[in-house]
There are 2 protein chains.
Amino acid sequence: MVTLKQLAKELNVSISTVSKALNNSEEIGEETVRRVKELAELYNYRPNKVALSLKNNKTKTIGVIIPNILNRFLAKVLFGIEREAAEHGYNIITCISNESLQKEKDSLQLLGNGSVDGFILSVAEESQINNEVEHFKNTIKQGLPIVMFDRVAHDVLCDKVIVDDFDATYNATKSLIEEGRGRIVFISNIDDISVGKLRERGYNKAILETGRLEPLVLKVKKKDDHPKKIKSFFKKNNSIDGIIAADSSSGIIALNTAVNFGLKVPKDISVIAFASKSDSNHTLPKLTTIRQHAKIIGAHAAQVLISRMQNTLTEEDVKTKIVKTSLVKNKSTL
Amino acid sequence: MVTLKQLAKELNVSISTVSKALNNSEEIGEETVRRVKELAELYNYRPNKVALSLKNNKTKTIGVIIPNILNRFLAKVLFGIEREAAEHGYNIITCISNESLQKEKDSLQLLGNGSVDGFILSVAEESQINNEVEHFKNTIKQGLPIVMFDRVAHDVLCDKVIVDDFDATYNATKSLIEEGRGRIVFISNIDDISVGKLRERGYNKAILETGRLEPLVLKVKKKDDHPKKIKSFFKKNNSIDGIIAADSSSGIIALNTAVNFGLKVPKDISVIAFASKSDSNHTLPKLTTIRQHAKIIGAHAAQVLISRMQNTLTEEDVKTKIVKTSLVKNKSTL
């Protein structure tokens, strides 16, 4: 594909002359216009999309910034964004912040310089810890709308799509209490991010409300040997009869560990985890799951951003949409 | 952030005048240069990266095209590309082709128009089935190098990073034969892509080489109820004592199904699957896995592309790098 620059070189004129000639500018002489157009046709010149976008400020492209591509939930949200955007004729380009504030800033600048019309993002862990929001505010001031999902910055005035994390574990824990479970453990390997904390609070509330049960919490760190840690927790704490897992990995390992201890699931112990349908296919008995509807979250985020970019939403309209989780009962609960 | 356009408007001159003034062009009068520079400083103008890239053709950005973001292997390769590129000061922007030829073409065009210096990609299923390669060839002709990984187009002359799929299942199957297993099943839910076919061939070779064993193959389709299908296969085929799974999901489900049938793993039956370390943490006993070293594949691809973009590789140099799998023995084999 030939560029403006190459055409200019071959014709021995400036790039802006070529550009103006192709756009029939009156500044350029007829003969030059003719020469430029002939050569452009000969080489099958197509205007560069990026250059066009600099000019008319519409790229029909959405920038997505994902903190961690190995997180299955985030990957599924991205899938949902992609599918919804494609239906509306939008392209997606994605950057990964790797939980780093600097990479998040870099990504906003890289894509914000003419490549995209707006952003969908989930906030990096480092930005959350430092409560840094200026880069988001600056992007919005530049005229590029942002939709945040899952991990959001409450101090930024923009559209948001979130999950009811607190209610989800509150309700799941209550369902185990109603089964008659009395030694319910909360297991989490996502204690360091906001949604992990919300999930723990929902569990605590349900436990403390009973007035008789006590919270029993196991936090697993990234570097731990997860199966070993969970196994030794089971050994130390007798008569555990319920598990609420804040993440799928903890849930799957806890279920397998219980089976390995000779416990009957769900006769002796019930297990519920934030997990996907395919995760529940990976355990026997099938895991009862709290489903986050990641693809729907992605689709909502794309819809809101597209409306915002098409100016069908007004500024006073800034909204937070809650996508409710579902408790999908399988064979790991009564 | 102020743009060239806004500066031009405020000063009532053309955009190219502003641009030339900022670059000290002799075409522009001294007074105009002074006015432009003053206003640019007042507004803290920073040159637009995309505009710069149009000019000097270096974006320090790599475009990655991934066929399916829900595929964990591909997500990990992306992670590896990201990390390696960051170490060399390169940004990554990613498009998802969703296994579609058209989206793959669109992505090459979207990013190829000045946003990136080169591409790393894995070929979409549809492109593989139709054996379409012209879009890759055109991109390379435009001067944008491509590195392909995992699913590659053999008819395109470019750098490639692949996995030894054939050898991996050949060796894994042989290891089960050496354990004394005689009824070894090959289970796959990725029969429709090239690597799935290669894995099956490796298995078949090892089985047929014995001169006494017969291939036993179970293909699971995306729409099937995987646990149900695998369970009924176990019921129909007695005395299965070995499993080679082409994908982690089939391997995990097969192991659980065997346990559920009262079989002792690995006393009665051995299981090996293409899977990750975290997958093997998700089964009891821990799954013996064929590891693909996805992050290393990503890192290699990034290294090769960066060398190519920096012209430290010559054209005759086009290479295919094979990243060997490892058979990591855990507790699901003898």
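## Chatting about domains and chains

User: Where domain 2 of chain A meets domain 3 of chain A, how many salt bridges does the rule find?

Analyst: Zero, across that interface. A salt bridge here is a side-chain nitrogen of Lys or Arg within 4 Å of a carboxyl oxygen of Asp or Glu.

User: Anything I should know about the model before we go on?

Analyst: Yes, it is a predicted model: local features need pLDDT of at least 70 and side-chain atom pairs count only at pLDDT 80 or more, while totals for chains, interfaces and linings use all residues. Residues are numbered from 1 along each chain as its sequence is written, chains are lettered from A and ligands numbered from 1 in the order in which they are written, and side-chain values use heavy atoms, leaving out hydrogens and water.

User: Cool. Which stretches make up the domains of chain A?

Analyst: Domain 1 covers 4–47, domain 2 covers 56–162 + 294–323, and domain 3 covers 165–292. Those bounds come from an automatic or database domain assignment.

User: And what separates the centres of domains 2 and 3 of chain A?

Analyst: 31 Å, taken over C-alpha atoms. As for touching, nine residues of domain 2 of chain A are in contact with eight residues of domain 3 of chain A, where contact means heavy atoms within 4.5 Å.

User: What area do domains 2 and 3 of chain A bury between them?

Analyst: About 700 Å², with 42% of it on carbon and sulfur atoms. Glu125(A), Asp150(A) and Arg151(A) supply 46% of the area that domain 2 of chain A buries against domain 3, more than any other three residues. Buried area is the accessible area (1.4 Å probe) that two parts lose on being put together, summed over both.

User: How many polar contacts are there between those two domains?

Analyst: Two residue pairs are in polar contact there, both at pLDDT 80 or more. On the domain 2 side, helix H5 (72–87), helix H7 (125–130) and helix H14 (294–309) of chain A each supply at least two residues that touch domain 3. A polar contact is a pair of N or O atoms within 3.5 Å; within protein, one must be able to donate a hydrogen and the other to accept it, and residues adjacent in sequence count only if both atoms are side-chain atoms. Helices (H or I, at least four residues) and strands (E, at least two) are DSSP runs, numbered from the N terminus.

User: Switching topic: what turn lays chain A on chain B?

Analyst: A turn of 180°, with a shift of 0.0 Å along the axis and an RMSD of 0.2 Å. The two copies are therefore related as by a two-fold rotation axis. Thr94(A) has the C-alpha nearest the axis in chain A, 2.5 Å from it. The superposition is by least squares on the C-alpha atoms of residues with pLDDT of at least 70 in both copies.

User: Why do we say the copies meet through the same surface?

Analyst: Because 100% of the interface residues of chain A are also interface residues in chain B.

User: How many residues of each chain are in contact?

Analyst: 50 residues of chain A are in contact with 51 of chain B. The chains bury about 4,600 Å² between them, 58% of it on carbon and sulfur atoms. In chain A, the residues that lose the most area to chain B are Leu70(A), Leu110(A) and His282(A), together 14% of what that side buries.

User: How many salt bridges are there between the chains?

Analyst: Two. Lys103(A) pairs with Glu82(B), their closest N and O atoms being 2.6 Å apart. Lys103(B) forms one with Glu82(A), with closest N and O atoms 2.6 Å apart. Lys103(B) lies in helix H6 (residues 101–112) of chain B and Glu82(A) in helix H5 of chain A, so the pair joins two chains.

User: Last one: where are the cis peptide bonds you flagged?

Analyst: One joins Val265(A) and Pro266(A), with omega about 10°. Pro266(A) is in the loop between H12 and strand E9 (270–274) of chain A. Another joins Leu284(A) and Pro285(A), with omega about -5°. Pro285(A) is in the loop between helix H13 (277–281) and strand E10 (288–291) of chain A.
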